[in-house]
Structure formats: C-alpha cells, structure tokens
Amino acid sequence: MSRFVAFRVGERPLALRIEDVLGFAREIKWCRLPFAPRGVVGIANWRGRICPLIDPGVFLDTISGGGPWVCACQGSAGPIAILVDSVMGIETGEITPVSQPPFIGIYGEGRLVLDAKEIERLCGI
Amino acid sequence: MLTDYLEEARNICQALDSASYRLSREPSALKEVMRLFHTLKGSSGFMGFDTITELCHLAEDRVSAMDKPPEGFAQFLRSLAGTLEEVMGEIESTGAELPSCKEKLRPFVEALSAEDYSVFLEAAGFEGSPGIRITPEKLDRILAFLGEAEATKNRLSRERSRLPRDLARAFHELELSMDALRDEIMGLRMVDMGRYLRRLGILVQEMADQLGKRVEMVALGSEIQVDKAVADGVMDAMVHLIRNALDHGIEPPQERERLGKPPAGRITIEITQEGNRVRIAVSDDGAGVDMEKLRAKAEEIYGKMELDEKALLSLLFTHGFTTKDKAGELSGRGVGLDVVKESVERMGGNVLMETARDQGTRVTLDLPLTLLVTPLAFLRIGNETFAIPLSSLVRVDWREDVEMVKVGERSFVKRPGGALPLVDGGKVLGGGEGGDMVITLRGGGGEFGLLVDEVLPEGSGVIRPLGSVGGKAFIGAIIGPDGTPILVLDPAFLSERAGGIV
C-alpha cells in the first residue's frame, strides 16, 4: 500500500505521492513573474528557497481557485510550489500505473495521482 | 631588490606549475623546468635565501638526470610551485626566509634527496592542505538558510524599538553573531586567483603555439581572493580577451622585430583589489586597435557619425557589430567581446578598453569581490517592486526634468550630445504604462533610460538564480525583508528591449 496526499484543484480531487511532497502552507510569500512560462504564475519563497509557483489547473482542464493552499513538492532541480484549493488529507491505496501525463497512476475509487516532475515538464521548466 | 626578486620568483612558480601540466606529453618541458630552477637558484643565492637555493640546486640536479618525468613528479612539481608561492608570500611579509619557510620546503627537499615523488601522487586533486571538503551545492544550501535568517533578522529589526531592553540587547548580540557567521561563510567561497592564472598561463602557451606566435604571460595579483562564483564567471571572459590579444593584438615575431619590439609579445594580467571591487586588467604590447579601420567599419554599418574614441571602442562590445565582419578584416579587436561585456555585467561589473596604435591594448574588468551580497537599487513599477544591481544605475531624474522624444515606435531621452533609448518599465514588465521617474542604466553595451514609478531606498541581497523559469529578463531574485521574493532585473535584457545603443 502506498500513501498519498489528497487535495482539490478547483473541483477536481487529485493526489501526490507522499514522498514527493515537501509540505503545505496556507500563506506563502510570492511575486508575479513577467514572461513566465505557461502555468507558472510567479516565484515563491519556500523556506528560504526560491521556487516556481504553478497553477496546475492550466493543464487539468479545470478552473482552479488559485489557492489559498500551496503544496511544495520535489521537482527535478529543487522545490516547486503548486496552487491547491483545499487539502483533503492523507490516504492510502494501491496505485495502478496510467500513461496519461501529467498523471502517473490511479488509486482508490479513481483518484488520479499527479507527477510533480511531469507538471514541471509541461511548464517547460 | 626584494620586490624584483619576488616578482621573478612568482613568475617562475607559475611557469613551473604550467610546465607540470605539459610534462606528460612534452618531455622537452623538463629542460624548461631545469632552466627555471637554475634561474631561481641564482637569484635566491644572491638574496641569501639558503633553503630555496639548496632546494633549487637539488631539483636542477635531479631534473638534469631525467630522460622522462618519473611517476608522481608532475604532482610534486605542482605542489612545490604552490608551496614556493606561499613561501614568497611569507618572505614578502617578513623580508626573510624564516624557519617556517624551511619547514614548508622540507618535505620537498626530502623527496628530491630520496628521488621518491610517490607521496605527492596522493595530493593530486587537492589544493593546499587536506581538510574537510564541502561541495558548492552544500554551501549554497547553507547560504539559502542564512539568507532566510537575514530576512527574518531584518524584519525583527524594524520592531526593535518595541522590544523590552533585555530582548533588544539579546537581539543586538544575535545581529553581531549573524554578521560574523555571514563573513565566515563568505570567506569559504573565496579562492585565490593564482590557480585561475596558472590555468590561463597554460592556455596562453597552447594558443600561442597554435598561432605560431611567441608570447610570455606576466601575472600579477595571484594572491588576491575572489568569490569562486566571480572567478568562475570571469574565467571565460579572460580566455576570450587573451585569445583576442593573441589573435589580433600580438604581431608575428618578424613583424615585431621590424617594429623594434622584442620578438616575444607580452600579455599581462594584473589583478588588484579596491575595497569590495576587484579589477582584472588584461593587456598586451601588440598592434592596438586600428581606429581608422574601426571608424570605417562603424560608418559602413551605422552611417556617418561623430563618435569619439571611447564611443568607437564601445562598438566592439556591441552584439552583431563584429559578426557582420565575417571576413575578419579588422586588425584590432572585436570577436565575441559582446559576450565578455554581457557576462561581466551579469555579475554587476563593467568593462573598459584603452588602446594605442602599435603599443597595445588594455581591457579592464571591474567586478564585485563577491556575488553573495549584491548592492541593489529598488524600483516600483506599477504595484510591484523590482531590484537592479546598483552598479548598473547611472542616474535618476524626475520625468518632468528630462526631454523625451519619439521617433516612430521608439522613445528617447535627450542628453547633452545625443539621445538614449528609453524603455517603459510598465509596458515591458506589465505594470501599466508611464511612470514619474527616468533612471539611466548601464548594460548591454551602452546606456539607456528606464521609465519607473518610484525609486525606493537602496539595499542589498543574496541573489538566487531562477533557473530555466526565469528566462533572460532576470538575473535572479532576492528574498525581501518581509519574505516576499523580489525579482532582480537584468540590465542587458532591458537594453535589448531598448533596441541597443544609439
């Protein structure tokens, strides 16, 4: 059994593998980033490290509320921060792999698991 | 006399180090090593430095008997060159060959006596005495935490007046400790320029050989310590300048003799420190820039212009100026100098070129000693705050005090003797159009104006890179006093938006 952190982006329930998650914050200091790649709304201060702040709704056919939560997860070159509308908690389940980027698998009653690095790739960073 | 001795000895140390890298593929370099020890032996004997004299005598003796370098000898030579440089530093401070110098040289005398250099194989890859090694990545992580702690400290310091007296005192002690911690960590990133100069010495000889030119390199200021990021960042620029000096500056030996110059050209790299700035001057005694050809080339590209020598030379640092001259007709400089300027400016530095026909060219790079804490100017554009390296800020004017003109789609600020292209900060960065202030910035090969809403008090910060997310517009970001990231604008990018120099 694997552990996942479940949350919502807009109305859509999603999850990340717990080992990919660095933490959640309700308020995070950030600023807009002009000329940012698609999906990147700005840069944020995650515990002293500057990281991109990403709205995953852009890639998920959903309209996100733009927070108020931020989920920091491990990207390929450092942390990335993802805007999340609500946090549902930790869940366990057996993951079934799917090849449907940016998802890497599905568990429970159809909860899709995001791949943080795939989100990065979609942003072109 | 001591100064002359030290200068010669240091050059010999660098030459020994340089030769050590060539030993494996050029056994003839052994002859050069023998000659270097012989020269140092003579001058050290004259100065009365007995241990160095004995060491050089022993080394000359051993090298003269070698057909090829024995195992470990190249590492031995590098280690010896480095130690001799340290010893020269001590002699410079004390004027004498103290027992500590003898102690440092003792293992080398013993190795030469026993003709066993294997112990020096272990030292390969290490610079100086072994200790705890820390990776740059780990150091950067420590710095990230320090930056965060400093931001918190700054936030607290604004509330200092509201703190009870005992807490205010404790906070003051914390501030002092943090300052000391920052200084120590900054010290960890400092490296001797000597190791970079030694690498350049090898490159100079290799490039000179390729071009069939004779040249000697003189390096001054190898003991000056610079932030590793600055030293690494400036290395490419220095290689570029040396390549230009060799390619376009130093004449072939016959030509030099015809001009009454010594057949071997000279490239001098002089590093000096002034306060928190370091100046690296790369000069040659070659042909200098042909200003008439340069003027003709400029007029061919830009049309008839009244430009003084400084403005003409600045064209050599402009992107696209030299690439149009594919045939390489300019006898002076030019190729890739825009890259040199851009990389130096990205580090908050600037470049100055001086030249004299048939006497040579000197390019001075003026850089911050460290990139850790960069002095910054803060600007408000729309509702957002941006920073810009203070070194790129030339002047600040109220909009109503300057005359602006529009030519087609481009705007300019009138200045005595010309006009500077103007960038509307709000338009470029998305903060709305217009602004009450015009700041003049230096970057991308010239000066230009930037329209902003407000110039805020100056400050400083640790610039963190943005990686691929940042694109070309920003050097990086700092964490502001309240924890919010502040983007640091790249003057070279804004200059591009201004449409280059006018």
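**Exercise 1. Find the loop that holds A:Phe35, and decide whether this residue is buried or exposed.**

A:Phe35 is found in the loop that runs between β4 (30-32) and β5 (40-46) of chain A, where strands (E, at least two residues) and helices (H or I, at least four residues) are DSSP runs, numbered from the N terminus. The model is a predicted one, in which local features need pLDDT of at least 70 and side-chain atom pairs count only at pLDDT 80 or more, while totals for chains, interfaces and linings use all residues. Residues are numbered from 1 along each chain as its sequence is written, and chains are lettered from A and ligands numbered from 1 in the order in which they are written.

For the second step, a residue is buried if 20 or more other C-beta atoms, placed from the backbone, lie within 10 Å of its own, exposed if 12 or fewer do, and partly exposed in between. Because A:Phe35 has 15 C-beta neighbours inside 10 Å, this residue counts as partly exposed.

**Exercise 2. What is the phi of A:Phe35, and what is the phi of B:Asp358?**

Begin with the general expectation: most residues other than glycine have a negative phi, and most peptide bonds are trans. A:Phe35, however, has a phi near 65°, which is positive although the residue is not glycine. In chain B, B:Asp358 likewise has a positive phi, of about 65°, and is not a glycine. B:Asp358 lies in the loop between β6 (350-356) and β7 (360-368) of chain B, and it is partly exposed, since 13 other C-beta atoms lie within 10 Å.

**Exercise 3. Which peptide bond of chain A is cis, and where does A:Pro102 lie?**

The bond from A:Pro101 to A:Pro102 is cis, with omega near 10°. A:Pro102 itself sits in the loop between β10 (96-100) and β11 (103-107) of chain A.

**Exercise 4. How many residues does each chain give to the contact, and which elements of chain B take part?**

Two residues are in contact if their C-beta atoms, placed from the backbone, lie within 7 Å. Chain B gives 21 residues and chain A gives 19 residues. On the side of chain B that touches chain A, the elements that give two or more residues are α6 (136-157), β17 (474-479) and β18 (485-489) of chain B. The largest share of that side, four residues, comes from α6(B).

**Exercise 5. How many helices and strands does chain A have?**

Chain A has one helix and 12 strands, and from the N terminus on the strands are followed by the helix. Of its 125 residues, 39% count as buried.
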